[in-house]
Amino acid sequence: MSADDPLLLSESKEVQERFSEMIDETLSAVFESFSDDSAFSGIDPYELREKVNSLGFLPEKGKGFEAVLEDVKRDILPHLLRTWSTKYMPHLHSPVLTETICSELIISCFNDSMDSWDQGPAATELEESMVHGLVRLFGFPEETSDGCFTSGGSQSNISAIIAARDWFCTERFGWDVKMNGLPPEYSKLRIYTSEISHFSMDKASHILGMGYAAVRKIPVDDRCRIDVDAFGRMLEEDVAAGLIPFCAVATFGTTDFGSIDDAKGMRELCDRYGMHLHADAAYGSGLIMSERYRERISAIALCDSLTVDFHKMFLLPISCSAIIVRDRELLKCFELHADYLNREEDEEDGYINLVGKSMQTTRRFDALKVYMAFQTRGSEGFGRIIDTAVGNASYFYGRISEDPAFIAPVEPEMSSVVFALEGGDDLNKRVRRQLLSEGTVIGQTVKDGRVMLKFTLLNPNLGPSQIDGIIARIKEIGAGLS
Ligand SMILES: *Cc1c(COP(=O)(O)O)cnc(C)c1O
């Protein structure tokens, strides 16, 4: 059989027919791997490990496509997490819009790469066009701004912090980090972000050679937003102690609570101290599509750089993210010319090489997914998706905040709700495990030292009746366990 499987796509009709057949069989295998609306089979991890380990690694003779698909269909597909299920709500991990699965097929068929124009001509041009659209959408100045797609929010965040560091060291010390490495003052540099911001900030600080200690965690208020007065006091104290603040990060949609920092207040402080202000809107950027809620993230336009994740609220397949900067010079920190790849003479003739704006070299044509989804749905269609997610969170919060069986400490600004059943940490942990074994997957986190449960509501197919059903089931399990 394996002899029949085409090695590569080509202009051959025979190859194209066989490949279409493979795609049809693959889709059938996906559809036949589940039969209900649960998110997960509920299989025990040890049993699953045994199944997977018995699949083998590298046989001497290839089995051919159908036999492999059969194995995958039997042992893998039924136990994958089904992100489209309305019973899946633990993380900022989304189901995907159907048209973007088709985009993924196109992306893989061609396998163009974003590093140089000659590796992806239309891909390069479309990414540039989408970046310029994003600049306008988020209210950045068109004449000076620029951006680039990345592998995710973590990479967008670290890219922004690298850019901020290089800019700051030139500005403050006349020091060229790209050429000379780190300046003598380096150990004094500090980043400011909320105590509940995403851990990619700490990772970035470590990777940049500053360590976790350089990330100053600002306390949050009772709605989980940065306490701007406390930020001001910290800056004053740190500067008095000889430290050098260079960058702050405002989170638009914290990972657990969906809270939105006061970037306007932070902007004033950043201006006073000559700091870069980054907007981590990996989660909250989706609100831009909603007429009703857009205002909540309007202060993004005051920031120097922005992280947008399309694989969260925008419901696009992993991975898909972008970094946008107010001053295109900032991305020059990634520019480097190689004779074999991105010759300067080509760029002068209009052959843009996007590798000059990116941490990555070989890079996927993810911009196609954004293009196809935006064109398919329009801002209206996306607006409905976002409004449903935010509306569901308000509905859920309303229900549990009036029910004495629950506590829900923070009113949602986006689509996440953190809550707990009265009855203690252990009870809440056991409720989550029980739900998992039933195929309903919810989140768990900690607030003020207390174990909490979490709904992250991204799925636009979810509605009040399903939410009511899950509330009832949680109470039932809780009553059974206590
Ligand atoms: C998810 C998230 C990130 C990280 O994004 P990835 O795409 O998972 O790398 C960063 N910041 C916030 C606020 C997030 O929610």
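**Helix α8 and its surroundings**

Which residues of helix α8 (residues 200–207) are buried? In this predicted model, the buried residues of α8 are S200, M201, D202, A204 and S205. These buried residues pack against several other elements, namely α6 (153–173), β3 (189–194), β4, β5 and β6. Just after α8 comes G209, which takes a positive phi of about 85°.

**The nonpolar cores**

In soluble globular proteins, nonpolar side chains tend to be buried together. The largest nonpolar core of this model holds 66 residues, and the members that touch the most other members are F149, F231, F252 and F310. Many parts of the chain contribute to this core, since at least two residues each are supplied by α5 (121–137), α9 (228–240), β5 (244–251), α10 (263–273), β6 (276–281), β7 (305–309), β8 (321–325) and α12 (367–401). Of these contributors, α12 gives the most, with 10 residues. Apart from this core lies another one, of 29 residues, which includes I161, F168, M210 and V325.

F149 can be followed through its contacts, leaving aside its neighbours within four places in sequence. On that basis, F149 is in contact with E127, M130, V131 and L134, with F310, C320, S321 and A322, and also with R363, D366, A367 and V370.

**A buried residue in α9**

L235 lies in helix α9, and its relative accessible area is 0%, so L235 is buried. Leaving aside its neighbours within four places in sequence, L235 is in contact with Y192, P245, L269, Y273 and M275. A pair of residues gives a sense of distance within the model: L235 and K369 are 134 residues apart in sequence, and their C-alpha atoms are 41 Å apart in space.

**Strand β7 and its partners**

How many of the residues of β7 are buried? The strand is mostly covered, with five of its five residues buried. Both of its faces are covered, with S305, T307 and D309 buried on one side and L306 and V308 buried on the other.

β7 pairs with β6 and with β8, and the two pairings run in opposite senses, as the next details show. With β6, the strands run parallel and are joined by four bridges, and H278 has S305 in β7 as its bridge partner. With β8, the pairing is antiparallel over five bridges, and L306 has I324 in β8 as its bridge partner.

The loop between β7 and β8 holds S319, and the peptide bond from I318 to S319 is cis, with omega near -5°. Most residues other than glycine have a negative phi, and most peptide bonds are trans.

**An open sheet of five strands**

Another part of the model is an open sheet, in which five strands follow the order β1-β11-β12-β10-β9 with mixed pairing. Why do β1 (88–89) and β9 (406–407) each have one side without a neighbour in the sheet? These two strands stand at the edges and each has a single partner strand, so one side of each is left without a neighbour in the sheet.

Within this sheet, strand β11 (residues 441–447) and strand β12 (residues 450–456) pair in the antiparallel sense over five bridges, and Q444 stands opposite L453 in β12.

**Two positive phi angles outside glycine**

C224 has a positive phi of about 65° although it is not a glycine, and D448 likewise has a positive phi, of about 50°, although it is not a glycine. C224 is placed in the loop between β4 (215–218) and α9, whereas D448 lies in the loop between β11 and β12.

Are these two residues buried or exposed? C224 has a relative accessible area of 2%, so it is buried, whereas D448 has a relative accessible area of 69%, so it is exposed.

**The largest pocket**

Rolling a probe the size of a water molecule over the atoms shows where empty space is left. The largest pocket contains about 1,100 Å³ of space. Of the 28 residues that line this pocket, L27, V30, W84, V96 and I101 are the closest to its centre. The elements that give two or more residues to the lining are α1 (13–32), α3 (65–75) and α4 (98–110), and the largest share, six residues, comes from α1. By residue type, the lining divides into 20 nonpolar, six polar and two charged residues.

Terms used
Residues numbered from 1 in each chain as written. Predicted model: local features only at pLDDT ≥ 70, side-chain atom pairs only at ≥ 80, totals over all residues. Heavy atoms only, no water. Core = buried A, V, L, I, M, F, W, Y, C linked by side-chain atoms within 4.5 Å. Buried < 20%, exposed > 50% of the residue type's maximum accessible area, 1.4 Å probe, protein only. Contact = heavy atoms within 4.5 Å. 1 Å grid on protein atoms, 1.4 Å probe; cavity = no way out; pocket = protein on both sides within 12 Å on 5 of 7 lines; lining within 4 Å. Points joined across faces, edges and corners; volume = space filled by probe spheres on them. Nonpolar A, V, L, I, M, F, W, Y, C, P; charged D, E, K, R; others polar. Pairing = 2+ DSSP bridges.
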